[in-house]
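Colleague: I am new to reading structures, and I would like a close look at a single part of this one. Could you take me through a sheet and what packs on it, step by step?

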Amino acid sequence: MAKSTYEPKVFSKNLFGIMKRINPGIEALELYEFRYGLNDLVPEKGWESVKLDSEEEIVMRLNNRDFYDGIQIQPKAGDRVVLDEQIIRLAQMLFVGLITGEYEQDWVKMHFYFDIRGFYFLHRTLYFTDNVLAHFGSKPFKRFEQKQKSFEWHQDVGYKEFREANAEVDNLFIESVKKIIEFRGTPILLAIAGPTAAGKTEIVERLRSAFEQAGRQVTSIELDNFLTDRNYREAKGIHSEGKRALHFELFKQSLEDIAQGYKIKIPRYDTVYATSSHDLDGNLKSDGVPIEIEPADIIFIEGNFPFLLEEVVHLIGVKVVYLTDDPIRLKRKWKRDIDYRKKYDPSYFRNRFFKDQFIMAQIAYIPQMEVCDMTVDTTGASLWVMPEIAEILSK
């Protein structure tokens, strides 16, 4: 490789041409804009100093939980949060490998997606594993035109265009849930899990509205209200994504009672002080105020892992995973969490998404896809259902 290839202006110009084939949205940039994004990733000793790992080594590393556990969310250079060093190194290797031809473009596109606004590569998550496909009989119940493909050119995605792209599969999903509930009867517990920015909140609101317009009584139970005090969890090294983090017996009893049409009183979790209204024995603290929930026809269970808890799965009448692929979710989060909410420092945001999207898929969403009644894949514009559910919907 000629030394001039690594000269910054030559390197960036050649890379700019290649990256248009990796992410078509790069076409919307001018070369000088592309160079703005590239500047923070230029190695101190130049692009020629980047040592490449083999494709096999990279794939193995990025499919290992230990790699993501090692990602720092808030590394700093001076007083500024910056990208984690491992994320930077991955981007540098992929850029150089694309220039030298050591990494095939098709291989890069298969395993990674490039986020223009964050100006970094992220590993593609495979949600439809062999186990998930087998659970659904290997093919979707129905598939529509994949209108989210138009978002490839976008740096962010707003709710209105997202809703319009998903209209057909969302409408089928809502009608399918109504049909399942009509078949199974009420009261019924309905749990919808899904990654951040997948559109879960919006679809739940639409479902609630559809039920209420049909004269159904609707209520909800937030799983987070059953969390124990954070100080206790941190002292015991308890992860918040499992039953050890919860007043679990209270949770189980609450689901049993409301599923039989009884009013329930559940713990109240204070998100500011990270404390529960109940002590570790499940008793109301002297200053605690529980949440009272009246019985209803449809009871939504809100949380990240509502049907990962084996002891309560049988109580949940409809189990759904609402899924949107990671690149689209990231674009939604740029619009929602950075532009509108002003919620995060951009580099903290980039590190956190890179780290969490893999971990949460492995511990929460893929396992729930393996046991749920249906998965709504908005990016694939398809509805996946268990054979038993397909029979109900086909009647």
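Modeller: What follows is a walk through one sheet, its strands and the helices beside it.

Please keep in mind throughout that this is a predicted model. The sheet is an open one of seven strands, which follow each other in the order E5-E15-E14-E13-E6-E12-E7, and the pairing among them is mixed. At its edges lie strand E5, made of residues 142–143, and strand E7, and each of these pairs on one side only.

Let us begin with strand E12, which covers residues 298–302 and is mostly covered, since four of its five residues are buried. On one side, E12 is joined by four bridges to strand E6, residues 188–193, and these two strands run parallel. One position to look for in this pairing is Ile 188, whose bridge partner in E12 is Ile 298. E12 also pairs with strand E7, residues 218–222, again in the parallel sense, and here there are five bridges. In E12, the residue that stands opposite Glu 222 is Glu 302.

Elsewhere in the sheet you can find the antiparallel sense as well, for strand E14, residues 374–377, and strand E15, residues 382–385, run antiparallel and are joined by four bridges. Asp 377 has Ser 382 of E15 as its bridge partner. Helix H15 packs on this sheet, where it touches E6, E14 and strand E13, residues 318–323, and the direction of H15 makes about 120 degrees with that of E13.

From H15 we can step on to another helix. Two packed helices are described by the angle between their axes and by the distance between those axes. For helix H14, residues 326–340, and helix H15, residues 346–369, the angle is about 150 degrees and the axes are 12 Å apart. Because angles over 145 degrees count as roughly antiparallel, H14 and H15 are therefore described as roughly antiparallel to each other. The crossing in which H14 passes H15 is right-handed.

Which residues of H14 and H15 make the contact? From H14 they are Asp 326, Arg 329, Leu 330, Lys 333, Trp 334, Asp 337 and Ile 338, while H15 brings Pro 346, Phe 349, Arg 350, Phe 353 and Gln 357. If you sort the residues of this contact by character, you will find six nonpolar, one polar and five charged.

Definitions and conventions: Residues numbered from 1 in each chain as written. Predicted model: local features only at pLDDT ≥ 70, side-chain atom pairs only at ≥ 80, totals over all residues. Heavy atoms only, no water. Axes fitted to C-alpha atoms, helices over the stretch in contact; angles between N-to-C directions. Parallel < 35°, antiparallel > 145°, perpendicular 65-115°, else oblique. Left-handed = near helix turned anticlockwise from the far one by under 90°. Contact = heavy atoms within 4.5 Å. Nonpolar A, V, L, I, M, F, W, Y, C, P; charged D, E, K, R; others polar. Buried < 20%, exposed > 50% of the residue type's maximum accessible area, 1.4 Å probe, protein only. Pairing = 2+ DSSP bridges.
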